Amino acid sequence: MKEHLPNQPRHVAIIMDGNGRWAKKRHLPREAGHYAGMGAVREVVRAATDTGLANLTLFAFSSENWKRPKTEVGALMALFRAYFRSDMDELVERNVRMRIIGHRSRVAPDIQQMIEDSEKRTIANTGMNLTFAFDYGGQEEIANAARELARAAAEGRLDPETITPELFAARLFTSALPEPDLVIRTSGERRLSNFLLWQSAYAELLFLDTLWPDFGRAELLQAMENFAARDRRFGAVSSEAVA
Ligand code: IPE
Ligand code: IPE
Ligand code: MG
C-alpha cells in the first residue's frame, strides 16, 4: 500500500448526483444516465485504488429514492446487480474490501445475497475500503443506533451515563471506517440529502457542477488537490498560527 501523504484525505465520500440531468441533456431516458453513471463509478474506483486512497464511500441509492417511479427504481436495482456481476472480479484483483451500508432488508433477496457474497469474498482484502451506501439514510442510521443503545439501557446492559460520541459511532454502519475527510457532491446541488450526517461533522465539503457521468479520474484527482489546499481547524486555531 502507498504511503499516506500529509493533506491527503484518508476517506473520500461522494454523493453521485446528476445522472438524470446528464441524460436529459442528451434527450435520453433517465436510465441511460444511470448506466453512464455506472461507468463513472468504475473509473473513479480504479483511479482511487491507483492513487492509494484508503477509503472511498459512494452514495448509490438513498432511503428516499424509493419514492421514484417504479421503473426507475427497477432500473437502478438492475444496474446494481449488473455492477456486482461485472466488476467483482476486478475489485478482488485490486485487493478492494467491499462493504454495503444501508437498511438492507428492504432490497430484493437476490441483491441481499450479492451484498453478503461480495462482503464475504473480500473480507480478507487489505487494499481500499470501498463502501456503497445503498438504501441508506443518515437519520435512519442514527435512529437505529439510538434504539439499540436505549434497548441495552432498558435491559440493564448499559449505563446511559457511559454514552459518548465514540460509543455512539460504534453503533453506526460505518463503525469500521474513519470519518470522511472530504465529501463531494456532483451536479451543482448544495445539500447532503441525508448522507453520512453524523460522520461528516468535520468533513470538508466540495460541491461541483459536473454531472456524475462526467466525473472521472481527472475530477477525482483535482478534488483531492482542492482538499490538500484546505486548512482544517477542527475548532482550534489554524496550523500556521500554532507553528
Ligand atoms: C443520481 O442521479 C443517482 C441516484 C440518485 C440514484 P439522479 O438520478 O438524482 O440525477 P438528477 O438529480 O435527476 O439529475
Ligand atoms: C442523493 O441524490 C442520493 C444519491 C446520490 C444516491 P438525490 O438526487 O436523490 O437527492 P435530492 O432528492 O436531489 O436531494
Ligand atoms: Mg439527483
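Rings of Phe, Tyr and Trp, the last represented by its six-membered ring, are taken as paired if their centres lie within 6.5 Å. On this criterion the structure, which is a predicted model, holds 14 aromatic pairs. One of them joins Phe59 and Tyr136 in an edge-to-face arrangement, with 6.0 Å from centre to centre and 85 degrees between the planes. This pair links distant parts of the chain, since Phe59 belongs to strand β2 (residues 55-62) and Tyr136 to strand β4 (residues 129-136), 77 residues apart. Phe59 and Tyr136 are both buried. A stacked pair is formed by Phe80 and Phe134, whose centres are 3.6 Å apart and whose planes differ by 10 degrees. Phe80 lies in helix α3 and Phe134 in strand β4, so this pair ties together parts that are 54 residues apart in sequence. Both of these residues, Phe80 and Phe134, are likewise buried. Ring pairs further connect Phe61, Trp66, Phe80, Tyr83, Phe84, Phe132 and Phe134 into a cluster.

In soluble globular proteins, nonpolar side chains tend to be buried together. The largest nonpolar core of the model comprises 43 residues, of which Ile14, Val45, Leu56, Leu58, Tyr83, Met98 and Leu130 touch the most other members. Helix α3 (residues 70-93) makes the greatest contribution to this core, with nine residues. Apart from neighbours within four places in sequence, Tyr83 is in contact with Met38, Val41, Val45, Met88, Leu91, Leu130 and Phe132. A second core, separate from this one, contains ten residues, including Ala13, Ile15, Phe59 and Val183.

Two buried residues were examined in the loop between β5 and β6. Ala203 occupies this loop, which runs between β5 (182-185) and β6 (204-207). Its relative accessible area is 13%; because this is under 20%, Ala203 is classed as buried. Beyond neighbours within four places in sequence, Ala203 is in contact with Pro180, Asp181, Val183 and Arg232. The C-alpha atoms of Ala203 and Ala13 are 9.4 Å apart in space, although the two residues are separated by 190 residues in sequence. Gln199 is found in the same loop between β5 and β6 and is buried at 4% relative accessibility. The side chain of Gln199 makes a polar contact of 2.8 Å with the side chain of Thr174. Not counting residues up to four places away in sequence, Gln199 touches Tyr136, Glu141, Leu172, Thr174, Glu179 and Pro180.

Side chains of opposite charge can pair when their charged atoms come close. Across the whole structure, 22 salt bridges are found. Among them, the side chains of Glu72 and Arg68 meet at 2.8 Å, N to O. Glu72 is buried, with a relative accessible area of 4%, whereas Arg68 is partly exposed at 29%. A salt bridge also forms between Arg121 and Asp89, with the closest N and O atoms 2.9 Å apart. Arg121 lies in helix α4 (residues 109-121) and Asp89 in helix α3, so this pair ties together parts that are 32 residues apart in sequence. Arg121 is partly exposed, with a relative accessible area of 44%, and Asp89 is partly exposed at 49% relative accessibility. The side chains of Glu189 and Arg191 meet in a salt bridge at 3.4 Å, N to O, with Arg191 partly exposed at a relative accessible area of 46%. Glu189 and Arg191 belong to a network of salt bridges that also links Asp17, Arg21 and Arg185.

Conventions: Residues are numbered from 1 along each chain as its sequence is written. Chains are lettered from A and ligands numbered from 1 in the order in which they are written. This is a predicted model: local features need pLDDT of at least 70, side-chain atom pairs count only at pLDDT 80 or more; totals for chains, interfaces and linings use all residues. Side-chain values use heavy atoms; hydrogens and water are left out. Helices (H or I, at least four residues) and strands (E, at least two) are DSSP runs, numbered from the N terminus. Buried means under 20% relative accessible area, exposed over 50%, partly exposed in between (1.4 Å probe, protein chains only). Contact means heavy atoms within 4.5 Å. A nonpolar core is a set of buried Ala, Val, Leu, Ile, Met, Phe, Trp, Tyr and Cys residues joined through side-chain atoms within 4.5 Å. A polar contact is a pair of N or O atoms within 3.5 Å; within protein, one must be able to donate a hydrogen and the other to accept it, and residues adjacent in sequence count only if both atoms are side-chain atoms. A salt bridge is a side-chain nitrogen of Lys or Arg within 4 Å of a carboxyl oxygen of Asp or Glu. Rings of Phe, Tyr and Trp (its six-membered ring) pair if their centres lie within 6.5 Å; planes under 30 degrees apart count as stacked, over 60 as edge-to-face and the rest as tilted.
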